[in-house]
Amino acid sequence: MSTYKELDAKYYMPCFGRSMEIVKGEGCTVWDDNGNKYLDLVAGIAVCSTGHCHPEVVDAICRQAHELIHCSNLYYIPGQAELAEKLSKASGMGKVFFGNSGAEAIDAALKLAKVRTGRKNFVSFNHDFHGRTIGSLAVTHKPQIREPFEPLGIHCDFPDYGVLEGLKAAVNKDTAAVVFEPIQGETGIIIPPEDFLPGIRDICDDAGALMICDEVQSGMGRTGKWFAFQHSTVQPDIISIAKGIASGIPMGAIIAREGLEFTKGEHGSTFAGGPIACAAGNATFGIIEKLLPGIAAKGELFKKGLAAFNPRVRGLMVGFTLGDSAPKLAEICMEKGVLINVAGEGNIRIVPPLTISADEINYAVGVINEAAGQI
């Protein structure tokens, strides 16, 4: 009988570097196929916002699965309008369109910007990551994953992140939108200067371009507010969300400001906003709503415990730079039962479930500090 590694090697395209099989999760803890237990500070890359298998989410999924699994967007879908209302009110914006992933949400945002402005070009930033579909990849900077697939059919410029002068030079009358992460996640939790988002808003307004805020990783309460842009004084034209929206059920969405929307036939999806995803999303929203007031304090515990690394912290988005030592730190931490993630540019990324406790945070930072002492 073949092992799962042998089956994977034979039948699955080798897109990922994987070291173990996770078979069970509960709260902030996961177990591998050998019964080893780990404190999970990766959370499916900021996806398992309510922890693994939260009982309220599991119950909502199971109840919905007994009633209706799929019917398509040809019909009204149970729970879809209710979740759209919650997201609209939480963001202070207008209407919602659901998708199945963050990349789909970015694609939808690009389409909406193009059709409403009549313009074709975009501006993103150095080290921004927005996805791997043809559309989202076109506004993703990392040359190693973008350039092999060019031409992508969308022109995008990439000025330096956090620097307004470069952005001002890149935006012109042909720019449909500026697409940006309010906190760069894939690069390792890079927090821009306070004037960056207001500056983007001003530059977009002057040029008649739209402002698309990619909240796929930073949204759904992860920073201590529903959305990271809410730490500033500005309102984007479109935000894209995914990851933490439905506790692990694939789901994404865009939310646009009042008066900015697709009309009938301009966009669509077979699976998007299906009954099970919406059931999980509505349950997830209710759980996060209760957790939200305590997120900032949890971030401060990480900041204090990891002070030796001069960490970058916004709620439960935590990053610090180790350079070439980052992979070794992650390896030692895994051996000691704590999972952390190596992001780009030699950075460590920590994005645990929002349900993580103070005791779990203190344990985790102890392991990380101990592991760092072994490098």
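In which sense do β1 and strand β2 pair, and over how many bridges? In this predicted model, the pairing of β1 with β2 (residues 29-32) is antiparallel and runs over four bridges. A good place to see it is K24, whose bridge partner in β2 is W31. The two strands belong to an open sheet of four strands, arranged in the order β1-β2-β3-β13 with mixed pairing. The edges of this sheet are taken by β1 (22-26) and β13 (338-339); each has a single partner strand, so one side of each is left without a neighbour in the sheet.

Turning from the sheet to the open space in the model, the second largest pocket offers a volume of about 880 Å³. Its lining is made up of 28 residues, and those that lie nearest the centre of the pocket are N73, Q80, V96, F97 and F98. Several secondary-structure elements contribute to this lining: helix α4 (80-91) supplies at least two residues, as do the strands β4 (96-99) and β10 (252-256). In chemical character, the lining residues of the second largest pocket divide into 15 nonpolar, 10 polar and three charged.

The backbone also holds a few details that reward a closer look. Two residues other than glycine have a positive phi, and their settings are worth describing side by side. For A43, phi is about 55 degrees, although this residue is not a glycine. A43 lies in helix α2, which spans residues 43-46. With a relative accessibility of 0%, A43 falls under the 20% limit and therefore counts as buried. N310, likewise not a glycine, has a positive phi near 50 degrees. This asparagine is found in a loop, the one between α11 (295-305) and β11 (312-314). Because the relative accessible area of N310 is 63%, over the 50% limit, N310 is classed as exposed. The pair thus offers a neat contrast, with A43 buried and N310 exposed.

A further backbone feature concerns a peptide bond. E150 and P151 are joined in the cis form, with omega at about 0 degrees. As for its place in the chain, P151 sits in the loop that lies between helix α7 (143-146) and strand β6 (156-157).

Methods
Residues are numbered from 1 along each chain as its sequence is written. This is a predicted model: local features need pLDDT of at least 70, side-chain atom pairs count only at pLDDT 80 or more; totals for chains, interfaces and linings use all residues. Side-chain values use heavy atoms; hydrogens and water are left out. Buried means under 20% relative accessible area, exposed over 50%, partly exposed in between (1.4 Å probe, protein chains only). On a 1 Å grid over the protein atoms alone, a cavity is a set of points where a 1.4 Å probe fits but cannot get out, and a pocket is an open set with protein on both sides within 12 Å along at least five of seven lines; lining residues have an atom within 4 Å of a point. Grid points are joined across faces, edges and corners, and a volume is the space filled by probe spheres set on the points. Ala, Val, Leu, Ile, Met, Phe, Trp, Tyr, Cys and Pro count as nonpolar, Asp, Glu, Lys and Arg as charged, and the others, Gly among them, as polar. Two strands pair if DSSP finds at least two bridges between them.
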